[in-house]
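Okay, thanks everyone for coming. I'd like to walk you through one model today, so let me put it up on the screen.

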Amino acid sequence: MKIGIIGSGAVAQTLGAKLVELGHDVVLGTRDPAKLDDKKNMAGTLREWLATVGKGAKGEAKGKVASFRDAAVHGDLLINATHGQASVDALKIAGADKVGSKVLIDTANELDFSKGMPPGVGASWTSCLAERIQAAFPNLKVVKSLNTVGAPVMVAPQAVAGGEHTIFVSGNDPAAKAAVAELLKSFGWKDVLDLGDVASARGPEMLMAMWLLAWRATGAGMLNIKVVR
């Protein structure tokens, strides 16, 4: 599958590397693709990422770095891996309103670090980032997922309790959610729970507040919750 990732930080690079490993054709979108050596928070440089994903048998790059717009055009499926506060603007720069009715997996959380750690969470019972993205880009089929775990767990759920824990999907389009669930299963997720329409993403976005507290309490980000039923 052709997959375009909007974003180039730790989440984008982790997802991109796993998708390349699984055989997908990945373009990672960044604001300035010429700046391959700038650090991206906890992630390495984009040049290091390109070296990690490697080349194919014929010497072609397995993963590419390009502009937001090029990544959006390239992908049959899109992933928003930007910071939540910047997501709508980044998707506007990417021209997400002009790429047709593609599925967009929204992995972002809207976090406020202005008062230190742990950051405040922007979602509430009346609104969330996924809803705002869907409203801003009605052509896209937005599916919220993967925002409730750290980047390493996103692509290796078996690293926590052997994978016996839960990941959520929310969105208005059943077929889009089913397609995302299949991709999640290819990462190793066993328990994919459909919460409902895009408004139900308020729940997992607010759950990030609990995840941050659990991270602080345990001193480890390799954690998740399991819905027992």
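Let's start with strand 4, residues 77–80, which is covered on both of its faces. Leu 77 and Ile 79 are buried on one side, and on the other side Leu 78 and Asn 80 are buried too. That fits a general point: in a regular strand, side chains alternate between the two faces of the sheet. And before I go on, keep in mind that this is a predicted model.

So who sits next to strand 4? Strand 1, residues 2–6, runs parallel to strand 4, and four bridges join the two. If you want a spot to look at, find Ile 3, which stands opposite Leu 77. Then there's strand 5, residues 103–106, which also pairs with strand 4 in the parallel sense, again over four bridges. There, Ile 79 has Ile 105 as its bridge partner.

Now zoom out to the whole sheet. What is the strand order? It goes 3-2-1-4-5-8-9-10, eight strands in an open sheet with mixed pairing. Strand 3 (63–67) and strand 10 (191–196) are at the edges with a single partner strand each, so each has one side without a neighbour in the sheet. On average, neighbouring strands here are turned by 25° against each other, ignoring direction.

Let me stay with strand 3 for a second. You might expect an edge strand to be out in the open, but is this one enclosed or exposed? Four of its five residues are buried, so strand 3 is largely enclosed by the rest of the structure. Its link to strand 2, residues 25–30, is parallel and made of five bridges. Val 26, for one, has Gly 63 in strand 3 as its bridge partner.

Over to strands 8 and 9. Strand 8, residues 141–144, and strand 9, residues 166–171, pair in the antiparallel sense, over two bridges. Val 143 is bridged to Gly 171 in strand 9.

Leading into strand 9 there's a loop that comes after helix 6 (151–155), and Pro 157 lies in that loop. Buried or exposed, Pro 157? Buried, because its relative accessible area is 0%, and the cut-off for buried is under 20%. In case anyone wants a sense of scale, its C-alpha atom is 22 Å from that of Asp 25, and those two residues are 132 apart along the chain.

Next, the empty space. The count gives one cavity of 30 Å³ or more, and it holds about 50 Å³. Two residues we've already met, Ile 79 and Ile 105, are in its lining, along with others including Leu 15, Thr 107, Ser 145 and Phe 187. Which helix gives the most to that lining? Helix 7, residues 174–187, with four residues. By type, the lining comes out as eight nonpolar, two polar and no charged.

Last stop, the aromatics. There's one aromatic pair in the structure. The ring centres of Trp 211 and Trp 215 are 5.4 Å apart and the planes are at 45°, so we call this pair tilted. Both tryptophans are in helix 8 (residues 202–218), four residues apart, or about one turn of the helix. Their surroundings aren't alike, though: Trp 211 is buried at 11% relative accessible area, while Trp 215 counts as partly exposed at 36%.

That's my tour, so over to you for questions.

Notes:
Residues numbered from 1 in each chain as written. Predicted model: local features only at pLDDT ≥ 70, side-chain atom pairs only at ≥ 80, totals over all residues. Heavy atoms only, no water. Phe/Tyr/Trp six-rings, centres within 6.5 Å; stacked < 30°, edge-to-face > 60°. Buried < 20%, exposed > 50% of the residue type's maximum accessible area, 1.4 Å probe, protein only. 1 Å grid on protein atoms, 1.4 Å probe; cavity = no way out; pocket = protein on both sides within 12 Å on 5 of 7 lines; lining within 4 Å. Points joined across faces, edges and corners; volume = space filled by probe spheres on them. Nonpolar A, V, L, I, M, F, W, Y, C, P; charged D, E, K, R; others polar. Pairing = 2+ DSSP bridges. Axes fitted to C-alpha atoms, helices over the stretch in contact; angles between N-to-C directions.
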